[in-house]
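Biologist: Before we begin, may I ask that each term be justified by the value behind it? I should like to follow the reasoning step by step.

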Amino acid sequence: MSVLTRDEAQLRAQLLDVHRYTVELDLTTGDETFDSRTVIRFTARSAGDTFVELKPAELRAVTLDGQPLDPESLDDGRLALKNLTAGEHELRVDAVMRYSRTGEGMHRFTDPSDGETYVYTQMFMDDVQRVFAAFDQPDLKAVFEVCVTAPEGWTVLGNGVTEQRADGVWQAAPTPLISTYLVAVAAGPWHSVRTEHRGLPFGIHCRRSLAPYLDTDADEIFDVTRACFDRYHEKFEEPYPFDSYDQAFVPEFNAGAMENPGLVTFRDDFVYRSAVTDTERQTRAMVIAHEMAHMWFGDLVTLRWWDDIWLNESFAEYMGYQTTAEATRFTDPWTEFGVTRKAWGYDADQRPTTHPVAPEKVDDTASALLNFDGISYAKGASALRQLAAWLGEKDFLAGINTHFARHKFGNATLADFIDSLASATDRDVPAWADSWLRTTGVDTLRPQLASADGSCTLTVDRAGSRPHRLTAGLYDRDVADEGRLVLRERLGLDVPQTAAQPIGKRPALLLLNDGDLTYAKIRFDAESFEAVRAGLSGLPDPLTRAVVWNTLRDAVRDGELPPSAYLETARGHLPRETDLAVVQGVLAFAAGQIADQYLSAEDRPAALSTLTSLCRDLLRRTEDGDHPGLRLIAVRHLIGVAAHPDTIAAWLADGTVPGGPELDPELRWRVLARLAVLGATDEAAIAAELARDPSATGQEGAARCRAALPDPEAKRAAWEAMFVGDDLSNYLFTATAQGFWQPEQAELVRQYVPRFYPDAVAVSARRGPAIAQAVGRWAFPAHAVDAENLLLGEACLSDADPTPALRRTLADRLDDLARALRVRGEREVAQEATQEVREAEEA
């Protein structure tokens, strides 16, 4: 299918004003397709040619101003509209459309728990064309009137309040001016909980099989929703611009959530069937806040073209975390941001595929889709947090409100936004934007301490070009408290400095970016590093500890700290850590990167043993029942690093961990998957567990376990399901891929490593971007940290013409492999392979 280019979009926007879409969808025509009838009313400013996009199973009829057009003229998803005269026009399109199983367009899902079927739309980027005909670009906003014929017993949700007419058809209220990618429909026998706030109807919705779990958390979800809604009305002068606020938790959703006006869709993993930590509840709250921020950033004011993705995502990310901290019971989300999201941004920004937060030109929609990554989210949000610190919160919000007032229900660019901010301050906002939004890479800040006459001065060496406003934490040892590190003071610093900063006596620990207000890699001076190694867990602030752990993580990835030293530090300090996000982040890095990639096969067992001991320490610490979240994290990770099956097999047989928790479905599938990897279970046990839990999550768990079995036939069947057949949904594909590659089974799956690249290219071309991203992220042989795998990947990038989505994920994964080789000490091999990957990307 063709993609829309920036130049094509600009030409079409110069030609057309689009006024109104009337869309009729019939969801009663069968399991494979639905009917779609669209009327588009638009004006041509001058005579000319253009096109409308549509990807139908069958195009039955098209008329333009009452005159029929040939359906056979549809070419590669485009229907030409030739010889338009200046003035008003009406286009009518009657088509049959296919349901999706990949989370794109109109996704259809049948719940294995009860046989009920649900459909929902994900129109993002250019998938509205899979549902109805459209001039599909963000700056051709229009009013949308949508009606849906649905099976009896279904409820239909839309962007506005929906009502069932006398003829049984559901009619959604007309929208204000919105972009095509924001139109939304969700239909099925939903379980709904409704309330009202500030005169607006609020609702939350899920599959009927999840009803008890949604009901359990409904008060919390509504409390967060109301609190964020009220806080945004304190921040923003423009009121909420739509007529209702529904949140639908939908199955097999590719993203975390989608900001459709008035109908936000979330992955229904956020309806918790099993025990979760308070940090995971905090993440759900943050996502609610993030998507609500989009009602202003993205929906009220929308980017003109996809090079300004950051205007949507960076702002929603920043506002999501900040508003969660300000308005909900979750007061410390920035620690989780520092541990998980920021690391995501740092990693993405050091790969050959990095790009500016605000790239100057994104050529087409396929290229734009690749930029929804750690840079547009985490780095962009970090930049905005730095901007708020630099401008001050008052001027920052004043600029935002000016932006809303100038561009509401319209479109805007980076230049528009910078102009709005500049109107509220005397600072040089354009220069800041050039430094932060138009550049790539991560600056590195190193402290230089000079002592004389019992006092000390601080100079910060900067590798990079950005200005930074940050704080430096000065920590001394408390002699009366076994040398515990205590905060002396935090100094505000601007980097680059005009002069060395006097700091009094030399501190035991000098921590740059204490408080995590800027985006940069931090290094320690030698004395501070020793203080950290000895006293990390005693630092009083969890965000401070998060900055330290990120610094150690970066040092490992950059080859400046041996992986074994990181593990030793974790072994010494993590058992005393109190913040759940920090514990989870450190264990995830230690197991996923250090044990699985950065250490050789010979060194991996010792690493797993260290992590097992660490998790057992956490279990012992939580035996009193006072720390259920910490205990849950320890149990999950102990399962994941178990080298022998006996203990976890006993847990599964007993249905509980001694001292708790009882094994809920998530933990049972987690144990069974690890037993499968270790060869300590079989198909009969997997089938029995699936009979016990026949839910959609159970189906995914069974697929993961079956693919993980150390059996040649099981591996063959999993491979064929992923790469030969096209029947797996996006979620079942991911689950199968997660089970397939295991470091313990390297010899068994060695033959599949060279097969991966041609098969990945083929399935991505057949099944589209969502599957391509799943292939690159989950089906990639990341365990094979060797030159052969790197060179096979480089040849694929050079010669096999992978789709843009696959090319991007492969380039990232190959760069990760090269980094792992460098960490292992195989620097020459890694550098050669990395250079070849970069050359392939440039070509």
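Modeller: A helix here is a DSSP run of H or I with at least four residues, a strand is a run of E with at least two, and both are numbered from the N terminus. With those elements named, glycine 374 can be placed in the loop between α6 (365–369) and α7. Please bear in mind that this is a predicted model.

Biologist: Is glycine 374 buried or exposed, and what makes it so?

Modeller: Buried means under 20% relative accessible area. Glycine 374 has a relative accessible area of 0%, and therefore it is buried.

Biologist: Which residues is glycine 374 in contact with, leaving aside its neighbours within four places in sequence?

Modeller: They are Trp344, Gly345, Ala348 and Lys379. Contact requires heavy atoms within 4.5 Å. As for a residue distant in sequence, tyrosine 731 is 357 residues from glycine 374, and their C-alpha atoms are 22 Å apart.

Biologist: Why is helix α7 called mostly covered?

Modeller: Helix α7 spans residues 375–391, and 16 of its 17 residues are buried. Glycine 392 follows α7 and has a positive phi, near 95 degrees.

Biologist: What makes α19 and α20 roughly parallel or roughly antiparallel to each other?

Modeller: The axes of helix α19 (residues 683–692) and helix α20 (residues 696–708) come within 9 Å and cross at roughly 170 degrees. Angles over 145 count as roughly antiparallel, and α19 and α20 are therefore roughly antiparallel to each other.

Biologist: Which residues of α19 and α20 meet?

Modeller: Glu683, Ile686, Ala687 and Leu690 of α19 meet Gly698, Gln699, Ala702, Cys705 and Arg706 of α20. Sorted by class, the contact of α19 with α20 has five nonpolar, two polar and two charged residues.

Biologist: Which strands stand at the edges of the four-stranded sheet, and why?

Modeller: That open sheet has the order β8-β9-β14-β11, with antiparallel pairing. Strands β8 (105–110) and β11 each have a single partner strand, so one side of each lacks a neighbour in the sheet, and they are the edges. The twist from one strand to the next averages 10 degrees.

Biologist: How do you know that the strands of this sheet pair?

Modeller: Two strands pair if DSSP finds at least two bridges between them. Six bridges link β8 and β9 in the antiparallel sense, and histidine 107 stands opposite tyrosine 120 in β9. Strand β9 (residues 117–122) and β14 have two bridges, also antiparallel, with alanine 186 in β14 as the bridge partner of tyrosine 120. Strand β11 (residues 155–158) is joined to β14 by four bridges and runs antiparallel to it; here glycine 158 stands opposite valine 185 in β14.

Biologist: Why are both faces of strand β14 said to be covered?

Modeller: In a regular strand the side chains alternate between the two faces of the sheet. In β14 (residues 185–188), Val185 and Ala187 lie on one side and Ala186 and Gly188 on the other, and all are buried.

Biologist: What is the order of the open sheet of three strands?

Modeller: The order is β25-β24-β27, with antiparallel pairing. β25 (484–495) and β27 (509–512) are called edge strands, as each pairs on one side only. Neighbouring strands are turned by 20 degrees against each other on average, direction ignored. Strand β24 (residues 468–478) and β27 are joined by four bridges, and glycine 473 has leucine 511 in β27 as its bridge partner. Helix α12 (residues 542–557) packs on the sheet and touches β24, β25 and β27, with its direction at about 85 degrees to that of β27.

Biologist: What makes leucine 493 count as buried or exposed?

Modeller: Leucine 493 lies in strand β25. Its relative accessibility is 4%, and the term buried applies under 20%, so leucine 493 counts as buried. Not counting residues up to four places away in sequence, leucine 493 touches several residues, including Leu458, Val460, Gln501 and Leu512.

Biologist: How many disulfides does the structure hold?

Modeller: The structure holds zero disulfides; the term would require a pair of cysteine sulfur atoms within 2.5 Å. Cysteine 147, with a relative accessible area of 9%, is buried, and so is cysteine 456, at 2%.

How values were computed: Residues numbered from 1 in each chain as written. Predicted model: local features only at pLDDT ≥ 70, side-chain atom pairs only at ≥ 80, totals over all residues. Heavy atoms only, no water. Axes fitted to C-alpha atoms, helices over the stretch in contact; angles between N-to-C directions. Parallel < 35°, antiparallel > 145°, perpendicular 65-115°, else oblique. Nonpolar A, V, L, I, M, F, W, Y, C, P; charged D, E, K, R; others polar. Buried < 20%, exposed > 50% of the residue type's maximum accessible area, 1.4 Å probe, protein only.
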